[in-house]
Amino acid sequence: KKFSGLKTLVYTVLISSGVLCVVLMTCGFLFGGALLKLIRTPTELLADSKLYLDIYIAGLPFMFYYNVATGIFSAMGDSKTPFIFLACSSTANIGMDILFVHSFSMGVAGVAWATFICQGVSCILAVAFVLKRLHALECENRGDRVPVFSWHLFGRFAEIAVPSILQQSFISVGNIIIQSVINSFGAAVMAGYSAAVKLNNMVITSLTTLGNGISNYTAQNLGASKYDRIKSGFRAGIKLVWALCVPLVALYVFAGQPLVHIFLESPTGQAMDTGVAFLRIIAPFYFIVSAKLVSDGVLRGAGLMKKFMIATFTDLVLRVALAEVLSRTALGTTGIWISWPIGWTIAAALSIVFYATVRWEKVYTAA
């Protein structure tokens with residue numbers, strides 16, 4: 001019930017996130033074009049890609065603050081409110097895509113502006129609701145003024161946030177390198193991969209979100225010294241993600257073609273073959289990567305960031321290195337797709353071993 005500290009923490013997060021966002025936006029606007037050329041974006045796609053990227057970068061504050069608000073709501077035990085905002089935003093985004101692209105003939109810019117507007121509305125609503133909820137909390141000493149920034153609190157959440165930021169940043173860099181390798185095979189392969197990876201991202205995002213929930217669960221039970229519940233939560237998490245994987249793996253393996261068809265403008269030839277091959281190779285390994293994400297969630301929730309980082313970077317380095325090497329063999333693009341399950345499998349083994357060897361009493365004492 002230390003509500004004054006809670007308010008200071010939220011304000012500190014909002015301010016520090018704003019500073020980080022400004023830095024990233026500046027880098028994006030200055031170097032976006034050069035980076036697109038660096039990853040071998042085909043010349044005929046460069047102008048549209050740069051236009052989309054610039055509008056996307058302009059919308060970074062909305063993405064940042066929506067995710068900050070979601071984290072605050074989750075910590076307060078309310079995951080429904082941000083979900084409602086996101087569901088409405090996503091539904092509206094579909095309608096605005098159709099309106100801007102087909103009715104107003106805005107092309108790629110229309111897609112980007114639709115995303116910009118819908119993310120903006122959901123962000124503003126989410127942050128407004130967070131501030132309203134904070135205002136309703138009564139501080140311990142009503143007359144005291146609540147500080148708007150605390151270096152001490154900043155340091156405490158940075159211990160967890162910075163490794164996660166580095167993880168996501170390096171994963172993004174790794175994906176850019178892999179995209180560069182894919183781009184060298186031409187527009188048809190790019191189109192097929194882009195269609196299939198949307199389907200893949202839907203699964204990985206779902207599994208990652210479940211892992212984040214397990215992080216909160218682990219932290220709560222570690223603080224309460226209920227170590228058996230952490231182990232039970234891990235087993236329940238594995239059952240949950242595998243139950244989700246069963247229908248999705250079957251769908252992607254046996255119905256990959258009609259699913260890829262949805263995301264392709266010209267659903268024939270090499271683009272279709274690329275998308276279907278990608279899904280059929282990686283989908284069976286969702287069972288493995290989901291187990292890794294559950295283990296990662298426990299490690300992150302326990303504050304064991306070094307072990308979490310080792311498992312994550314092992315996956316990233318292997319996938320990037322193998323994609324580069326195998327793509328130059330007779331396997332071609334198939335070599336790129338094979339690199340994913342190899343990286344997932346080795347990293348999952350590491351993460352599960354790290355989880356299995358944790359001494360919870362020692363972790364709690366250190367915390």
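**Notes on the aromatics, cores and helices**

1. Let's start with a cation over a ring: the charged end of R319 sits over the ring of W340, 4.9 Å from its centre. The criterion is NZ of Lys or CZ of Arg within 6 Å of the ring centre and within 35 degrees of the ring normal. Bear in mind that this is a predicted model, where local features need pLDDT of at least 70 and side-chain atom pairs count only at pLDDT 80 or more, while totals for chains, interfaces and linings use all residues. Residues are numbered from 1 along each chain as its sequence is written, and side-chain values use heavy atoms, with hydrogens and water left out.

2. W340 also belongs to one aromatic cluster, together with Y193, Y252, F278, Y286, W337 and W344. Across the whole structure there are 18 aromatic pairs, a pair being rings of Phe, Tyr and Trp (its six-membered ring) with centres within 6.5 Å; planes under 30 degrees apart are stacked, over 60 edge-to-face and the rest tilted.

3. Take F154 and F157: with ring centres 5.5 Å apart and planes at 80°, this pair is edge-to-face. They are three residues apart in helix α6 (residues 151–183), so about one helical turn separates them. Helices here are DSSP runs (H or I, at least four residues), numbered from the N terminus. F154 is partly exposed at 27% relative accessible area, and F157 is partly exposed too, at 22%. The cut-offs are under 20% for buried, over 50% for exposed and partly exposed in between (1.4 Å probe, protein chains only).

4. Y193 and W337 pair up as well: their ring centres are 5.6 Å apart and their planes at 0°, so they are stacked. Y193 is in helix α7 (residues 187–223) and W337 in helix α13 (residues 333–356), so the pair ties together parts that are 144 residues apart in sequence. Both residues are buried.

5. On to the packing. The largest nonpolar core has 57 residues, and Y252, V260, F278, Y286 and W360 have the most contacts inside it. By core I mean buried Ala, Val, Leu, Ile, Met, Phe, Trp, Tyr and Cys residues joined through side-chain atoms within 4.5 Å. Not counting residues up to four places away in sequence, V260 touches A195, L199, M272, G275, V276 and L279, contact being heavy atoms within 4.5 Å. Apart from this core lies another, of 14 residues, including V10, F85, C123 and L134.

6. What about disulfides (cysteine sulfur atoms within 2.5 Å)? The structure holds zero. C118 is in none, and the nearest cysteine sulfur, that of C88, is 10 Å away. C118 is buried at 5% relative accessible area, and C245 is buried at 1% relative accessibility.

7. C118 turns up again beside helix α4 (residues 80–103), which holds N93 and M96. N93 is buried at 16% relative accessible area and touches A114, T115 and C118, leaving out residues up to four places away in sequence. M96 counts as buried at 19%; with the same neighbours left out, M96 is in contact with A114, I117 and C118.

8. Last, helix α11 (residues 286–301): its 16 residues reach 22 Å from first C-alpha to last, close to the 22 Å expected, which is 1.5 Å times one less than the number of residues. The helix is mostly covered, with 14 of its 16 residues buried. Just after α11, G303 takes a positive phi of about 75°.

How values were computed
Disulfide = S-S within 2.5 Å. Helix = DSSP H or I, 4+ residues; strand = E, 2+ residues; numbered from the N terminus.
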